[in-house]
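Q: Could you take a close look at one part of this structure for me? I would like to see how a strand and its neighbours fit together, with the cut-offs spelled out.

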Amino acid sequence: MFPKGTKRKFSDSGEEPVCSGDQGPSASPAAARTLSSSYSLQRQSLLDMSLIKLQLCHMLVEPNLCRSVLIANTVRQIQEEMTQDGTWQIMTQALAAAQCPADRLVATEVLCRQTDAAAQAGQSPKPFPVSGLEEGYHSEEVVMDGDVEAEVTMSSLSPVSPQLSSASYLPGPFGMAPCWEEEEEDGDCEEDEEEDSEESVSEEEESEPDHLRADSRTGEQVFGTFEIKHPAPPPDPALEELFSDVDPSYYDLDTVLTGMQSTPKMGPYDLLESLSSHAPTALSSSSSCRSDLNELDHIMEIIVGS
Amino acid sequence: MAGVAGGNDFQWCFSQVKGAIDEDVAEADIISTVEFNYSGDLLATGDKGGRVVIFQHEQESKNRPHLRGEYNVYSTFQSHEPEFDYLKSLEIEEKINKIRWLPQQNAAHFLLSTNDKTIKLWKISERDKRAEGYNLKDEEGRLREPYRITSLRVPVLMPMDLMVEASPRRIFANAHTYHINSISVNSDHETYLSADDLRINLWHLEITDRSFNIVDIKPANMEELTEVITAAECHPHQCNVFVYSSSKGTIRLCDMRAAALCDRHSKFFEEPEDPSSRSFFSEIISSISDVKFSHSGRYMMTRDYLSVKVWDLNMENRPVETYQVHEYLRSKLCSLYENDCIFDKFECCWNGSDSAIMTGSYNNFFRMFDRNTRRDITLEASRESSKPRATLKPRKVSTGGKRKKDEISVDSLDFNKKILHTAWHPKDNVIAVAATNNLYIFQDKIN
C-alpha cells in the first residue's frame, strides 16, 4: 500500500530530503557520493510522487487548487535544486536520448521546456506550470510504442487503476517490472492496457519471489514506477543515481488518492504502521506478499466494477 | 487527572453523540462544518451531502438540575444540491463548506451556508399557531363556493404542533470562479464576505445580483500562480477590517477604508522560517488552514499543519503564542504527503472568554490549550468513552522508543479518523466535535 522503500528512506530514520545544507545522516566523506546519490534518489522519488499527484488530481470534480499549487511549488523547488546540482540537465538529456518523440511524456515535456527556456535565459527555471488550473483538466493519453528492447513499454503505472493507465505519462516497466523476463514484457506490450492489468496480476504472482531481486537498469526507465530495492551495481552510475526505483505498490498511491475522494476504506493507517516494522534492509517477502494480495483484491474490485 | 480549559481546573465529560454508529460511513453523512449561533442555543452542522442539521438546546429539566440541557434536532433541510458545470464538464459538490449564523434580530433565525460556488441565506422560523376559520376556504383548504358564504367571521389563531421551517431567502450565486473556502458575517450585520482560492467578495445581505470584489490575487498568467487564499474573516468589532490567510503561511489584514480594492494590505503577518527545520515540505506545512479572531478582537489565531499560533494584531513579525498540536508527525511528513493527509485542513476555535483554544488532530483526538496556565490536554472523541457524563480521559501519544501504558504510538494512529471541525459554545463550557459522521458534544462536569 505504501512504497516501503521510500518510506524507509524518508521518514523512518528522519532522512527527509532537505533543501539545502543537509548532507544526509552520515558524515563520512568517502561515502559522500553514496550519500548524495541516496539523497538524489529520495528527491527523485519525491519528484515522481508529486508529478503523479498533479496528474491524478483531475477527476470528475474540479481539483483542489490549493493542493495543486502546493504540489507544484514542491516540484519547482526540487527542480530548482536539481538545476543547481546540474542533475537536471543530465536527466533531461538522458530522457531526450532515450525516447523517440512519440513517447514524449507530458510532464517531461513541460519540465524540459522549462529547463530549455531557463538555459537560454540563463536564469532559474520558470515556475512549474500547473496546467489546466483554469479549465477542467483531462489526463492526456500517451501512445506507447511496443518497443520490446527498451523498457519504455507499458504505459500502465499500475496493475490496478484504469484511470491511472490513462494518465500514462509514466512509461517504463509495468508494475513490478524490472525483474521480469524479456518474454513476458514482450507479450504484455502487444495487448491493450486493460488486459495488461489482468495479465500483470497473474504475472505478478508468478514473479512474486523475483520482484525482490535486483535488476540491471537502463536509461530508458524514466519517471516510472520502480521498486526501491537494494542498490544493484549499476551499469551506468550517472543514470543510476538519477532514476530512482519506487516500490511497485506505488499504484496504491492512486488507491489512496481515489480513496480520498470516495469512502476511504483502507486507511493510510497501514502505511505508517509498517513504518516501524521495517528494518532498513531487505524487504521481507512476506510483507510484500501481503501487500500483493491487497493489490490483487483491489484490482479485482475495480475490474469487477464493484 | 485534571482537565484544562477556561482558566480553571475542571474536567470534560461526555454529553451526547449524534449520528450513525455503523462502521460503514456514507460519504454524504460526513460532517463538513460545525457552528454555534451567537447565544449558543442553536448548533448547526453541514455535511457532504449538502444537508444542514440544526440542534437546539433544551432547557435543563427541573428534576435533574445537575444536568445541563441536551441538544436535540430542531431542523433538518437540504441546503445545496449537486450541480454540474456544463462549460467545464465538472461536478460542483454539494458539500457544505461553511455555515455562519447571523445575529438574531427577531423570532426567526438566519444563517448563511455555502458550498464551493453558491452561498444561501436561510431563514429558520417556528410556527406554532395556525389560522382557522377562513371565509373563502374550508377546513381542508379547498375554496368554498361563493354562494354558500352567508356570513363573515374573523379567523382565529389556534395552537398547533411546533413546526420548524427552513426557507431560502437569498441565493448569492455566480460570483466565484474558484472554490469558496470561507464566509464571514460583518459586525455591521449588513454585509458579509466570501473568499475563494483567489478572490474575496463583499456582499450586502439584501442584494444578490452583485457583489464587490475586494481582494484579487489571481496573476495575469495562471502559470505564475504560487499562492492561494486559504481562509478569511471579518473583524468582530471593526466592520472595516478583515484578514485573509494564504498557502504560504502569511496573513494579511486589510482596511476597507483605504481603497476599494484591498490588494495592498494594511498589515502583513509572517513568522520567519526556522532554517534548521527547512525541508521540501516546509511550505506545505506552513499553509494556514484556518484563521479566527478572538472574541475580544485583539488577537487572531491561525492553524497550520502542525501548530496553532496566536497573533497580537499589533505585532506582525511573529506570533505571541505557538502551540504544537502533533509535533510527532514532523518526522512522518513524507508519508503524510504521499497519502495526502498533509493537505488536511484543520480548523481551530476560541472559547467564549478567549482563555483557551481548541483544534483537532488524527485518531479522533482533539487538543485544547489553556493560554493562561499554558497547560494542554489531548482528548478523544470515541464511542468507547461515550457513557453519559463519563469523564474524558486525557490521551497521550508516545514519541520515544518506550511506550508507556495507555499511550498510543504514532504508528498506531488512525489517519482516517481526523477531527477537522470543532466548535466552542460562546458562553458555556460546551464543545461540539465532528468526528467523520458523528457529532460529539462534551461539557464540563458540574459538581
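A: Happy to help; here is a walk along one strand of chain B and its partners, followed by a charged residue in a loop.

This is a predicted model, in which local features need a pLDDT of at least 70 and side-chain atom pairs count only at pLDDT 80 or more, while totals for chains, interfaces and linings use all residues. Residues are numbered from 1 along each chain as its sequence is written, chains are lettered from A and ligands numbered from 1 in the order in which they are written, and side-chain values use heavy atoms, with hydrogens and water left out.

On confidence, chain B averages a pLDDT (the predictor's confidence in each residue, from 0 to 100) of 92, and 96% of its residues score at least 70. Residues 1-8 of chain B fall below 50, and this stretch has 29 contacts in the model (heavy atoms within 4.5 Å) beyond near neighbours in sequence. For the complex, the predictor gives an ipTM of 0.91 and a pTM of 0.69.

Now to strand S31, residues 430-435 of chain B; strands here are DSSP E runs of at least two residues, numbered from the N terminus. Six of its six residues are buried, meaning under 20% relative accessible area with a 1.4 Å probe and protein chains only, where exposed is over 50% and partly exposed lies in between. One side of S31(B) carries B:Val430, B:Ala432 and B:Ala434, the other B:Ile431, B:Val433 and B:Ala435, and both faces are covered.

Strand S30 (residues 421-424) of chain B runs antiparallel to S31(B), joined by four bridges; two strands pair if DSSP finds at least two bridges between them. Here B:Trp424 has B:Ile431 as its bridge partner, and a hairpin through five residues joins S30(B) to S31(B).

Strand S32 (residues 438-444) of chain B also pairs with S31(B) in the antiparallel sense, over six bridges. B:Ala434 is the bridge partner of B:Leu439 in S32(B). The hairpin of S31(B) and S32(B) has two residues between the strands, and B:Thr436 takes a positive phi near 55° there.

Elsewhere in chain B, B:Asp116 lies in the loop between strand S9 (109-114) and strand S10 (119-132). B:Asp116 is buried yet has no salt bridge, that is, a side-chain nitrogen of Lys or Arg within 4 Å of a carboxyl oxygen of Asp or Glu. The nearest side chain of opposite charge, B:Lys95, is 5.6 Å away.

Technical notes: Lys and Arg count as positive and Asp and Glu as negative; His and the chain ends are not counted.
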